[in-house]
Amino acid sequence: MSISRRNLVSASALIPALNLVRPALGQERLKVAGIHTVPVENAWNSRLHEALVNANKAGTIEYVFSESVANTDYVRAMRQYAEQGARLVVGEVYGVEREARQAAKDYPETSFLMGSSLKAQEPNLGVFGTWNHEAAYLCGMLAAAVSKTNTYGAVGGYPIPEINRLINAFRAGVARVRPDAKFMVQFIGTFFDPPKAKEAGMAQIDAGADILFGERIGTADAAKERGVLAVGSLLDYAPRYPGTVFANALWIFDPILGAAVADVKAGTPAGKDYSQFSFMRFGGNDVSFDPQMVPVDAVAAMEQVRAEIKSGAFEVEIDDSQPT
């Protein structure tokens with residue numbers, strides 16, 4: 001299994017295809033299903049998918065998945081995977097919170113690990129947030145060192161807490177180095193529309209931004225076309241945009257998944273908040289950067305703060321308010 005290959009279905013063929021799921025190996029492997037509302041190439045979903053694929057390759061779990069599942073079909077997919085014996089279902093319920101929580105009550109023998117803006121539901125619906133704000137803060141420090149106009153743009157999907165805190169942390173990192181910085185932000189109203197994200201980035205460049213924080217895929221395309229720099233979020237975009245993306249706020253889902261899988265295997269109720277495993281001290285987020293594109297003294301200053309975050313000596317403020 002790889003990110004470029006589908007072992008199940010698109011939403012249009014969801015119901016019949018789910019009936020084809022069969023264990024690949026022995027029953028000692030935990031049966032885990034992933035349900036994605038968009039293609040697994042989408043930045044956020046790719047983090048979940050990669051961690052699940054890694055666990056599948058390691059023999060820890062037996063992984064199957066569906067992608068491009070509309071919210072209208074999402075809870076039905078949750079129920080069908082539970083009916084087919086999945087011990088753990090991983091995905092996101094931002095658009096179907098109430099219905100998903102009812103489904104979890106109806107299947108107490110199945111554990112659910114869902115991206116959510118709400119609290120966990122005992123005993124079997126665990127939640128997690130995207131907490132790579134620490135890495136975003138560090139990227140902001142680096143961005144402040146390379147910007148010429150001291151004007152920064154950010155393109156996000158929706159103004160939900162997980163995205164707000166990321167953009168706010170990036171801004172705080174910039175402001176630590178250059179308190180007089182100017183910022184722009186635009187939310188495109190979707191989680192996956194690269195052309196729309198590119199258009200938003202273009203507008204910010206036209207308004208003076210020479211560094212774009214790309215919370216959404218497509219932002220770096222605007223930076224590349226206009227010859228400015230960009231910061232990636234969730235995964236490393238530098239290989240895809242060499243010379244354009246100079247830093248990335250990485251999110252690593254493996255620690256969250258590992259904690260949930262361990263609980264399920266041990267028979268421990270999974271209805272809790274696993275967000276803490278996104279923090280840097282657990283290896284759940286980190287910064288990557290091109291040292292040839294950032295001044296040496298800026299790297300040294302950033303690395304000092306990075307060490308303080310890992311040790312607990314410094315905490316990046318969590319600001320979930322909508323940035324404007």
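Let us start with a single side chain: R29 has a relative accessibility of 6%, under the 20% cut-off, and therefore counts as buried. The model you are looking at is a predicted one, so please read every distance here as a computed value. Along the chain, R29 sits in the loop that links α1 (14-18) to β1 (30-35).

What is R29 in contact with, once its neighbours within four places in sequence are left aside? The list consists of N56, G59, T60, I61 and E62. Two of these residues offer backbone oxygens to the arginine. The backbone oxygen of N56 lies 2.7 Å from a polar atom of the R29 side chain, and for the backbone oxygen of I61 the distance to a polar atom of that side chain is 2.7 Å. To get a feeling for distances in the model, you can also pick out D106, which is 77 residues from R29 along the chain; the C-alpha atoms of R29 and D106 are separated by 24 Å.

Now step back to the whole protein. There are ten helices and eleven strands to find your way around. The C-alpha trace spans about 55 × 40 × 35 Å along its principal axes. A compact globule of 324 residues would have a radius of gyration near 20 Å, and the protein agrees with that because its own value is 20 Å. R29 has plenty of company in being buried: buried residues make up 56% of the 324 residues. Among contacts with a separation of 6 or more, 70% come from residues 24 or more positions apart. On the outside, the protein exposes about 13,300 Å², with carbon and sulfur atoms supplying 51% of that area.

From here, turn to the sheet that takes in the later strands. Six strands form an open sheet with mixed pairing, and their order is β7-β6-β8-β9-β10-β11. Which strands stand at the edges? They are β7 (182-187) and β11 (285-289); each has a single partner strand, so one side of each is left without a neighbour in the sheet. From one strand to the next, the twist averages 15°.

Inside this sheet, β9 (residues 229-234) and β10 (residues 245-251) make a good pair to zoom in on. They run in the parallel sense and pair over five bridges. One residue to trace is L234, whose bridge partner in β10 is L250.

Finally, add a helix to the picture. Helix α6 (residues 161-177) lies across β6 (151-156), β7, β8 (211-214) and β9, and α6 runs at about 165° to the edge strand β7.

Technical notes. Residues numbered from 1 in each chain as written. Predicted model: local features only at pLDDT ≥ 70, side-chain atom pairs only at ≥ 80, totals over all residues. Heavy atoms only, no water. Pairing = 2+ DSSP bridges. Helix = DSSP H or I, 4+ residues; strand = E, 2+ residues; numbered from the N terminus. Axes fitted to C-alpha atoms, helices over the stretch in contact; angles between N-to-C directions. Contact = heavy atoms within 4.5 Å. Rg over C-alpha atoms; globule rule 2.2 N^0.38 Å. Buried < 20%, exposed > 50% of the residue type's maximum accessible area, 1.4 Å probe, protein only. Areas by Shrake-Rupley, 256 points an atom, 1.4 Å probe, with all protein chains shown as cover. Polar contact = N/O pair within 3.5 Å; in protein donor to acceptor, adjacent residues only side chain to side chain.
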